[in-house]
Amino acid sequence: MELPFAESYKIKMVEHIRRSTREEREVWIRDARFNLFNLRSGQVFIDLLTDSGTGAMSDKQWAGMMTGDESYAGASSYYHLKDAIRDITGFGYFLPVHQGRAAENVLFSVLVKEGDLVPGNAHFDTTKGHIEFRKAVAVDCTIGEAYDTTVEHPFKGNVDPEKLEKVLKDNPKDKIPFIVLTVTCNTSGGQPVSMENIRTVSSLAGKYGIPLLIDAARFAENAYFIRQREPEYAGRSIREIVSEMFSYADFMTMSSKKDAIVNIGGFIAMRDPELFRQASVYNIMFEGYITYGGMSGRDMNALAVGLYEGVDLDYLETRIRQVEYLGRRLTDFGVPIQVPVGGHAVFVDAKRFLPDFPREEFTAQTLAVELYLEGGVRGVEIGALMADRDPVTRLNRFPELEMVRLTIPRRVYSNNHMEYVAVALGNIYDRRHTIRRGLKIVHEAPILRHFTVELEPAV
Ligand code: F0G
């Protein structure tokens, strides 16, 4: 008999989590203004809000924490991290920052100006936020298949080369500071970008003389999918695939809170010493001196270790199989999800779950609130709330995809937890016809509103 798959780690420390009652949750969600970000963690049983900074560090990462060098300048921890980044990504210059959006802030301060266009594959909301904040425009060039959750496509994070080339051809070069490729593409469902597509985008970038940025938050999960789904890469090591991916880019931003399995941290890496010098100025201003940039020495040590753990094939297989397991169980219950299942999360298609629901009452947010009430499970809305208003017309934007993301922290939950989540959502699916009214906004911020929005029932 073939041996069953089992996790490539064992558990050394546990954290208690408490199950609450539906009555308790009804009070808590009202007090939280129907915004799941406002809940206290103790009010949540299984927390699938994000995979960002929520992973469990290994014993080796914790050992690194104990030997962190907290010198203001020139700390050995900085050099450990520099060596790890160069070894894994091939980039010779790097700046530490406190997390991914800080990397965007520093790099875009150098590169993005008013009136610019930044084409890419479904920019993540902070990436888009940092572009729009500078009065520039993020142009989504993702393939059309990404926006149909029923279409099976192995690389739904891919850029459509025709859409991209049109942007590059129709606009002056000095209006396009770079192209951004987000691997995996969070917004389209944690969907990977193929090596072939990275190569194509890179050659288009070269043809038009535009640099290529990789938003690398989930680069290792992307490499795993390339290995699984792109025949040419079947027997190759994750390290080799990762090196090749980065070889096509000019610079990268990294939220280390994802694939590097740390609780805080990020970095920018590049090849060009002049860009490094320019970005250093902003890094010092916004983040900290160039050899710590918003991170402590101990955090840089844990990150240096985490980068290697994140590209370990056994770990990645354990990780992705758990996400697939949740997707499979939800499918068993008939719950509509983005297929194939992505790397870090299962994305539930709220429009197909609640087809007759009024979109202006925030379908996915309503479903996310239902899931919390049903089982104390916290997912996150990736839909109209997160899409913000159009910066010019100030009207609500209703994006193609209206999803509840069930994001799985790394090395944290068991498959029994996944089973619990699937049953909770399955129960709601069985009574979906009873969910008719949603939510309305009471208060919202001008940008990135979903974090702080206050809502109330629309009835
Ligand atoms: N890029 C991508 C693709 C991301 O998913 C994120 C964060 C960032 C950049 C920004 O990084 O959070 O470290 O500042 N995504 C988190 C999420 C918040 O829940 O998907 P950050």
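**A guided tour of two pockets, two domains and a helix pair**

Begin by selecting α5, the element that contributes most to the lining of the second largest pocket, with four residues. The model on screen is a predicted one.

**The second largest pocket**

Keep α5 (125–133) displayed and add β4 (137–140); these are the elements that supply two or more residues each to the lining of the second largest pocket. The volume of this pocket is about 570 Å³. To centre the view, select His123, Lys128, Thr187, Ala387 and Pro399, which lie nearest the pocket centre among its 24 lining residues. Colouring the lining by class will show twelve nonpolar, five polar and seven charged residues.

Where does the second largest pocket lie with respect to domain 1 and domain 2? Residues of both domain 1 (22–51 + 313–457) and domain 2 (59–310) take part in its lining, so the pocket lies between them.

**The two domains**

Next, colour the protein chain by its domain assignment: domain 1 covers 22–51 + 313–457, and domain 2 covers 59–310. Taken over C-alpha atoms, the centres of the two domains are 26 Å apart. For the contact between them, select 32 residues on the side of domain 1 and 37 residues on the side of domain 2.

**The largest pocket**

Move now to the largest pocket, which holds about 1,700 Å³ of space. Its lining comprises 38 residues, and a selection of Met13, Gly55, Ala56, Arg411 and Val412 marks those closest to the centre. Add helix α2 (residues 59–66), which gives the most to this lining, with three residues. With the domain colours still on, one finds that domain 1 and domain 2 each provide at least three residues to the lining of the largest pocket. By class, the lining of this pocket divides into 15 nonpolar, eleven polar and twelve charged residues.

**A helix pair**

For the last stop, select helix α8 (residues 219–229) together with helix α9 (residues 238–247). A packed pair of helices is described by the angle between the two axes and the distance between them. Here the angle is about 110 degrees, and the axes of α8 and α9 are 9 Å apart. The two helices are therefore roughly perpendicular to each other.

To see the contact itself, show the following side by side:

- from α8: Phe219, Asn222, Ala223, Tyr224, Ile226 and Arg227;
- from α9: Ile238, Ile241, Val242, Met245 and Phe246.

Of these contact residues of α8 and α9, nine are nonpolar, one is polar and one is charged.

Terms used. Residues are numbered from 1 along each chain as its sequence is written. This is a predicted model: local features need pLDDT of at least 70, side-chain atom pairs count only at pLDDT 80 or more; totals for chains, interfaces and linings use all residues. Side-chain values use heavy atoms; hydrogens and water are left out. On a 1 Å grid over the protein atoms alone, a cavity is a set of points where a 1.4 Å probe fits but cannot get out, and a pocket is an open set with protein on both sides within 12 Å along at least five of seven lines; lining residues have an atom within 4 Å of a point. Grid points are joined across faces, edges and corners, and a volume is the space filled by probe spheres set on the points. Ala, Val, Leu, Ile, Met, Phe, Trp, Tyr, Cys and Pro count as nonpolar, Asp, Glu, Lys and Arg as charged, and the others, Gly among them, as polar. Domain bounds come from an automatic or database domain assignment. Axes are lines fitted to C-alpha atoms, for helices over the stretch in contact, and angles run from 0 to 180 degrees between N-to-C directions. Angles under 35 degrees count as roughly parallel, over 145 as roughly antiparallel, 65 to 115 as roughly perpendicular and the rest as oblique. Contact means heavy atoms within 4.5 Å.
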